[in-house]
Amino acid sequence: MATTDPLPLDGQRILELAARSMFDMFANASEGMLLVDREARVVWINDQYKRFLPALGFPRVEDFVGHPVSEVVHNTQMDRVIRTGKPILIDLLSNRAGTFVVSRIPLRDETGQVIGALGIVLFDHPETTLQPLIEKFAALHRDLDDARRELASQRRTKYTLASFVGSSDAAVEVKRQARRAAMSSSPVLLLGETGTGKELLAQAIHAASKRADGPMVSVNIAAVPDTLLESEFFGFAPGAFTGADRKGRDGKFKLADGGTLFLDEIGDMPQSLQAKLLRALQEGEIEPLGSNKLIRFDARVIAATSRDLGQLVREGKFREDLYYRLNVLPIRVPPLRERRDDIPALVEVLAEDIATRNQTGPLELSPEAVAMLAAQPWRGNTRELRNVLEQAAMRSDSRHIEAVHLEQVLREAGIERVAPLPLGQRVGQRGDLLRSLGDQVAELEQQAIAAAMTATGGNKVAAAKLLGISRAKLYERLELTV
Ligand SMILES: Nc1ncnc2c1ncn2[C@@H]1O[C@H](COP(=O)(O)OP(=O)(O)O)[C@@H](O)[C@H]1O
Ligand SMILES: [Mg+2]
């Protein structure tokens with residue numbers, strides 16, 4: 001028996017109608033719908049969607065419709081759906097309008113070509129069961145963002161070359177060399193006494209280099225016990241040794257990937273590890289403890305030491321090949337006593353920094369106090385100068401620091417000589433004498449004045465008498481020293 005279908009609809013037509021009613025259903029039930037064309041440009045939004053526009057930053061529909069979706073919806077994946085032709089059936093989308101459950105479906109023509117995509121905002125009612133989950137997700141997202149930002153700011157270095165205070169010839173030369181080193185990717189070796197600013201310079205070189213956006217990772221070799229250094233440098237595989245972290249850990253080399261690795265106090269590197277360090281530097285590869293796997297890393301190395309590396313090499317305590325590997329761009333950082341002219345400026349910067357950190361008013365030093373500081377030997381260099389200023393600031397009841405306060409601090413700190421060096425001792429330092437006579441005389445004069453001020457406890461009348469000059473002349477000289 002041949003029957004005719006009462007509804008003369010073919011499959012294709014049914015599908016079309018079904019698609020139509022499903023679309024209408026979604027359009028009504030969803031919180032908003034958005035359509036993009038094959039260029040991922042927004043071509044249509046429904047009325048519900050319009051209420052998101054102000055929160056997205058577009059008060060007018062025409063500022064939104066007609067624009068590339070990635071420009072108007074932050075974090076959208078619609079362009080990806082167009083590109084891949086694959087739906088994202090359910091996802092969480094967070095942007096300035098909030099966090100939403102969304103669905104993204106590619107649209108195809110008869111031949112199967114992607115011609116656009118439909119984005120559906122599924123629920124954002126507080127009463128839906130998903131809301132607590134969405135809130136938790138949004139909160140985690142915020143925490144993650146905060147943590148990332150925090151980490152980035154910690155890795156970003158504190159110092160730039162402008163932080164290296166000093167306009168003496170010696171300071172200018174150090175900064176010139178540091179700037180040159182920043183342009184290159186070769187290893188840098190910073191040589192200088194403790195407290196001369198080697199770490200500051202290492203950070204400044206990193207910050208001025210192409211790698212400034214990468215991490216700056218420091219290891220103070222003198223501060224890490226020998227037995228831990230290897231895993232500190234190279235990391236270890238899960239369960240590499242008893243008590244090792246179950247998950248394993250990345251070493252500093254790996255952490256510095258794409259950035260700069262600062263090896264402080266390289267002269268204290270135990271001999272047992274020097275060969276492994278050399279190999280890592282030569283090959284650009286490390287082998288985490290207990291892993292049998294080589295990991296490539298790309299880090300620029302800056303090493304520093306306060307020890308005489310050449311001497312250590314001669315004594316057989318430091319490998320010669322490692323020394324040459326590190327000593328590509330050596331920079332000698334001069335001690336403070338070779339650039340006394342910079343001391344007043346340093347005092348000013350350090351005093352300001354101390355006041356800011358302690359949240360007190362600005363520190364003021366009398367001219368005699370500054371002159372006295374300029375005359376000290378400063379074996380501990382800028383770090384010691386800073387400590388002395390900090391101590392003096394703590395002692396003084398007011399924000400004024402006088403020579404007497406300093407004298408007391410210096411004596412108690414065991415700083416060996418408050419008075420200037422006698423001439424006889426200076427003769428041995430030939431390098432120091434081969435400078436402009438004017439500078440040397442001025443320096444000696446400054447030292448003599450500081451010594452006299454110290455000896456007389458800051459009494460200017462007595463100091464002038466001791467020096468055999470008039471009080472007016474002493475005042476004039478004191479003015480000059482600041
Ligand atoms: N030229 C300088 N200008 C300003 N501050 C300096 C200068 N040199 C050193 N400092 C400060 O002195 C302290 C010691 O410097 P640091 O770089 O740690 O010395 P090092 O690594 O040579 O021992 C730090 O607080 C640093 O900021
Ligand atoms: Mg240091």
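**Exercise 1. Strand β1 and its sheet**

How many bridges join strand β1 to strand β5, and do the two run parallel or antiparallel?

Solution. The model is predicted.
- Step 1: Locate the strands. β1 covers residues 32-37 and β5 covers residues 114-123.
- Step 2: Count the bridges. There are 6 between β1 and β5, and the two strands run antiparallel.
- Step 3: Check one pair. Asp37 has Gly116 in β5 as its bridge partner.
- Step 4: Place the pair in its sheet. The order is β2-β1-β5-β4-β3, an open sheet of 5 strands with antiparallel pairing. At the edges are β2 (42-45) and β3 (88-95), each of which pairs on one side only. On average, and with direction ignored, neighbouring strands of this sheet are turned by 25 degrees against each other.

**Exercise 2. The parallel sheet**

Find the strand order of the open sheet with parallel pairing, and state which strands stand at its edges.

Solution.
- Step 1: Read the order. The 5 strands run β7-β10-β13-β6-β14.
- Step 2: Identify the edges. β7 (216-220) and β14 (329-332) each have a single partner strand, so one side of each is left without a neighbour in the sheet.
- Step 3: Add the geometry. From one strand to the next, the twist averages 15 degrees.

**Exercise 3. Strand β6 and its surroundings**

Describe the partners of β6, the directions in which its residues point, and the helix that lies across it.

Solution.
- Step 1: Take the β13 side. β6 (residues 188-191) is joined by 4 bridges to β13 (residues 300-305), and the two run parallel. Val188 stands opposite Ile302 of β13.
- Step 2: Take the β14 side. Here too the pairing is parallel, over 4 bridges. Leu189 has Pro330 in β14 as its bridge partner.
- Step 3: Sort the side chains. In a regular strand they alternate between the two faces of the sheet. In β6, Val188 and Leu190 point one way, while Leu189 and Leu191 point the other way. All four names carry the label buried.
- Step 4: Add the helix. α7 (residues 169-183) lies across β6 and β14, and runs at about 160 degrees to β14.

**Exercise 4. The shell around ligand 1**

Which residues come nearest to ligand 1, and which domains supply its shell?

Solution.
- Step 1: List the nearest residues. Of the 17 around ligand 1, these are Val165, Gly197, Lys198, Glu199 and Thr382.
- Step 2: Sort the shell by class. It holds 5 nonpolar, 8 polar and 4 charged residues.
- Step 3: Find the helices. α8 (198-208), α14 (343-358) and α16 (381-395) each contribute at least two residues to the shell.
- Step 4: Assign the domains. Domain 2 (161-334) and domain 3 (337-480) both give residues to the shell, so ligand 1 lies between them.

**Exercise 5. Buried or exposed?**

Classify helix α15 and Val461 by burial.

Solution.
- Step 1: Count in α15 (residues 367-375). 8 of its 9 residues are buried, so α15 is largely enclosed by the rest of the structure. Among the buried residues are Glu368, Met372 and Leu373.
- Step 2: Turn to Val461, which lies in α21 (residues 460-467). Val461 is exposed because it has 10 other C-beta atoms within 10 Å, and the cut-off for exposed is 12 or fewer.
- Step 3: Note a neighbour. Arg471 is 10 residues from Val461 in sequence, and their C-alpha atoms are 6.1 Å apart.
- Step 4: Compare with the whole chain. Buried residues make up 29% of its 482 residues.

Note on methods. Residues numbered from 1 in each chain as written. Chains lettered and ligands numbered in written order. Predicted model: local features only at pLDDT ≥ 70, side-chain atom pairs only at ≥ 80, totals over all residues. Near = placed C-beta within 6 Å. Nonpolar A, V, L, I, M, F, W, Y, C, P; charged D, E, K, R; others polar. Domains from an automatic or database assignment. Pairing = 2+ DSSP bridges. Axes fitted to C-alpha atoms, helices over the stretch in contact; angles between N-to-C directions. Contact = placed C-beta atoms within 7 Å. Buried ≥ 20, exposed ≤ 12 C-beta atoms within 10 Å, placed from the backbone.
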